[in-house]
Amino acid sequence: MKKFWKIFGISVGSLLGVVIIAIIIVCNVIVTPKQLTPLLNKYAHEFITCQYSFDEVELTFFSSFPEFALRANNVTLINPTEGAQSDTLLHVESVSGVINAGDFIHAFFNEDRIVLNIHGLAISNGTANIYQGKDGICNYDIIAPSDDDEEESTIIFQYCGFDKIDLNGIEASIRMPETEASVKNIKLSAGGRFFAEEVSADGKFVLSADDIYGKIKDIKADCKRIELEGEGIFSNMHFSGEGKLKTENVNLAINNEKMIDNRDIEITMPCDVNVEYTYANLYDGFNVKIDNNEIDLKGKAEMCENGDIYLGIDFETNVWDINKTLALVPAQYLKDVDFLKKLKTDGTFKIDGKINGTLAENNFPLIFANIELDKCNADIEGIPYHLAVEKAKLYADINLNEKSNVTIHELNAAADDMKFDITGNVDDLLGHMTCDMHVKGNADLERLKEVIPDKLKLKLGGNTDIDLKANFALDDAINIRLDKIKANGTIAYKSLNVRYNDSIFVNDSKGVISIEMPNKHTNKHFKEYGNIGIQGEKISCSMAGTINAIVKGADIKVHFGDVLNDKKFIETVCDVKCESLMGNYDTIHFNLNEPDINVTTFPMHKDPMQPGLTATYRSKMSQIVMGKALNFDAAALSFSGFTTYDKSKENILLKLNPTLNAIVADGKLKMAEIKPEIKIPSIDFKFTPRECHINKSRIQIEHSDFNLSGDVTNIKNHIEKNELLKGDLKFESDQTNVDEIMALVNGIGNSSEETKQEEQMPDEDNPFMVPKGVDIALTTIIKKAIFNDNELRDVTGKLTVKDGILIAEQMGFTSEAAEMQLTGIYRSERKNHLFCGLDFHLLNIDIHKLIKLIPSIDTIVPMLKSFEGNAEFHLAAETYLKSNYDIKFSTLRGAAAIEGKDLVLLDNKTFSTIAKYMMFNKKTKNIVDSLSVEATLFRNEVDIYPFLVSMDKWQAVLAGRHNLDMSFNYHISLTDCPLPARLGLDITGTFDDPKFKLVPCQYKALYKPNKRGAVEEQILTLKKQIADALKANVIK
Amino acid sequence: MKKTIICLLALATIALTGCDKLNTQKTFDKNLVIGKWQSGTEYWVYQVGGIGHTWDTSDDVAEEEAQDFYWEMDGNQLIITHMGEMGELIPKPYTLILLTSDKLQYRDNYNKTYSFTKVP
């Protein structure tokens, strides 16, 4: 076997040696360059029109192994053309055409005509200068046209297509109208079939070149090296196949604006490209790699007749680095994107999507892309946090012609240690960016200090879980244009700590804040931008250290308007509902149970810096303590009202200008100045600076209870112009202790001067001072009144307090003693000068009970106690009192009238003495038929005007003076009696020591009209005047 | 005896009545009463038109706190009527005894005499 291989090897080697020797002989002996070169030189002009030269032409085998080729060395084509870069069109070291050696040798020796069927071409080391002028004249049109003499030519080049083309070391320069190109070191190795007539080819090729430069119109491109290999069919400017382009250091500029800057680009191109119709179909596997950025493309690109390029291409990238990718974007496209100028970022992303549309001078195709970000970081100027994106899935709709939008399907982001999950949309990404976001995350509020505007003067602390939806323009968000921002959601907080303007502090252990912008709620005072709700566990608030409050179970909603406008008062509507609200303001402490509070603050129309305020309040158990001055609690309390601030006013009430509707149930009021507790079972009133309308009320003070209703008016003028505070009130009571009430209101409204005077008075002298500055009328309906320990019933009438004057006007009441009518005036001009006036009518009086009721009557009319029975008593009297209520006798004035019938004259010692002097019949009954007494009181003198006493058959006229020191001087005229004489009796002295003296009868004609003289007439006239004046005010 | 007593009483009555009728009524110039009169701590001011006011400083009353009255003079009769604020009328008739430019004296029906000195 080994021998076989030995023999076989020797045989094959011998055969190869023979063949090689034969080839050498053919190439160097039979067909020598000396034979070929002249031959080709002789006939070359038949198919080349320009000047040419070449050194020698030889038949090669080994250099073109395994085929034979005709090689011409140092081939030069010279075609001088004006404007061309050189006269030399082409100069190469060698040009080889692959031929069929057998056919060539056979023809060379046996036929006159040599037909060179070239099916391969190799060109090495040369330069080509290709030129075409604007006039169409070019330097490469050197192929001679075919003519009829062709049949006569000795050598005919015939190629039906190349099987192989090799270029090596070729340098080319191309200059055409608006086009320039140059390329060095072109290497091409192409196999297949190339058909020159049809400009078509098929097969494989490998092309490389260095230092490529090209320019078409305003488009410039260059690169350091190109390697291109491919396989496919190229026919009539139509290529179909797969190529792979690899470039180094590519630059591309359009209008001197760099589009590609020194990039390495690799393109794998399974495609279908038609140069004539300027379109390209990109198939699966089409891949572009710029530096490390790869993108798979699939679709169609087509250049329209007007130069626009239509793109319909799907694309998908590998993982791209953000910074490197941004660096690929032409600078001119980024120069106006302010956001990117402020951005420092790193990270990777991946995109797939589609480019669809026309690329033209002023138009860009639409780009739809799904973007996935992974571990990205960003630092944005103006945002004081390091931003990080752990993972994000976005969809971008890039429309460089109009607006580019991004949909965020998933974004796991972090700002420092605050983490957020974000979904939403960002519209007009590269222009007026607007965001529609849903953010879930957590935040350390203390970290927000960097983004809270200083002018808000707000400091926050605590941790939050955020679930917010927001729609806003980035510019509006940065500038906090609240009216432009839409937002809603919740922020759950723990350990909340809010500090506003270093004067308002809010703390809470945990709760939920809700946000809604814009607001669905509206109000008539201002446009509401939004609302913030707070549901807190135990909120503690402090305002300037003076107001402190703790809110348990709070449900607070604050609707706000343009709160950042410092040119008008803050616009808010604050709704507060909570389990309890406790707090204090200075010395005021309050504890409110289940309050429901609504407070609206708004700028005044005339002066926006001045506040207006409306408020409603409703609560269950409420307690308000104002130091030791006031303690108020109520089972239920509600009010509503509004106030408009007027800085021009000095009085706080007029400054606030409040209107208030209030309802109190089961209230209790304790005041330092008023000792007894005031119980308020109910009160319903409306208060304005002009008037206070008490709709209804029920008040209990010690042993008094009453319903008070009516109006208090002229409040504003009372404060501003010192006019009287007026009131018209109805006072209904089952029981009123007048003494207690008087003690209650004692001295209200009296001046400081009077207070000083009060201080100088003895401690025990604390007379009742009627409130001043008021004009209040009380229509009283009192079923039972206690006055001076006497019980009065059905007290009706009008009680008026008018600027220091107390008027009991035509008060009607019933006591044990009588039916009474009283008009009384008590005027406390000063403490040691108190006016007291009475217009007192006692009808159907029981005389003894009257004296018990009003003991001073016994002083004025001492003889009254001598009578028994019912009478009618009229008294009008007045005096000034000292501070201890002692009468100033010099001011005492009064008049009284007593009318009675069938009175019993009591049989006492005085009467017995009188009867003795007057010689009354002892059997005479002490019945006084009628009695009509008029008396006047002046200082300490009581003048009893003559009055007639009829008793049985006796008539006597009594008159006299009674002094308040209990001395008297009376006279009795016996005017009718069984006796013949008419006697008179003077009674003087005192009741303890009366003196009796018979005197002439002084009034014998007084009650005898026919005998009356002028004096008697005057007496009766005065009596009538006195009586009429007294009775004038009696209500029948 | 009884008749004697009756006769004596009748004579006494006639005598008393006769004496009364013999009283001659003096007339005074009412202009003299105009002015301010003082009696101790008591002051009376009579003004033209029949009005006036009175006060007593011993009761801590000043002139501006004085109480008003009306007065009328007829012959030797002076009637001072105090009109109370409560509507009461307190007429006080007096009989003038002396009225000069600086002296005023009168008595009431109970023979109580009042003397005043005019003060500026």
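This is a short walk through a predicted model, covering its confidence scores, one set of strands in chain A, and one residue, Ile322(A).

Confidence first. For the complex, the predictor reports an ipTM of 0.84 and a pTM of 0.58. The average pLDDT of chain B is 82, and 79% of its residues reach at least 70. The start of chain B is another matter: over residues 1–23 the pLDDT stays under 50. For that stretch the model has six contacts beyond four places in sequence. Where pLDDT is low, predicted coordinates should not be read in detail, and I will leave that segment there.

Now chain A, beginning with strand 4, which is residues 88–99. Is it mostly covered or mostly open? Mostly covered: nine of its twelve residues are buried. Strand 4 of chain A runs antiparallel to strand 3, residues 68–78, with ten bridges joining them. One pair from that set is Phe68(A) with Ile99(A). Strand 4 is also joined to strand 6 of chain A, residues 120–131, by eight bridges, again antiparallel. Here Gly97(A) has Leu121(A) as its bridge partner.

Last, Ile322(A), which sits in helix 4 of chain A, residues 322–328. Why is Ile322(A) classed as partly exposed? Because 17 other C-beta atoms lie within 10 Å, and partly exposed is the class between 12 or fewer, which is exposed, and 20 or more, which is buried. Leaving out neighbours within four places in sequence, the contacts of Ile322(A) are Thr345(A), Asp346(A), Gly347(A), Thr348(A), Phe349(A) and Cys376(A). Lys350(A) is 28 residues away from Ile322(A) in sequence, with a C-alpha to C-alpha distance of 9.5 Å.

Definitions and conventions. Residues are numbered from 1 along each chain as its sequence is written. Chains are lettered from A and ligands numbered from 1 in the order in which they are written. This is a predicted model: local features need pLDDT of at least 70, side-chain atom pairs count only at pLDDT 80 or more; totals for chains, interfaces and linings use all residues. pLDDT is the predictor's confidence in each residue, from 0 to 100. Two residues are in contact if their C-beta atoms, placed from the backbone, lie within 7 Å. Helices (H or I, at least four residues) and strands (E, at least two) are DSSP runs, numbered from the N terminus. Two strands pair if DSSP finds at least two bridges between them.
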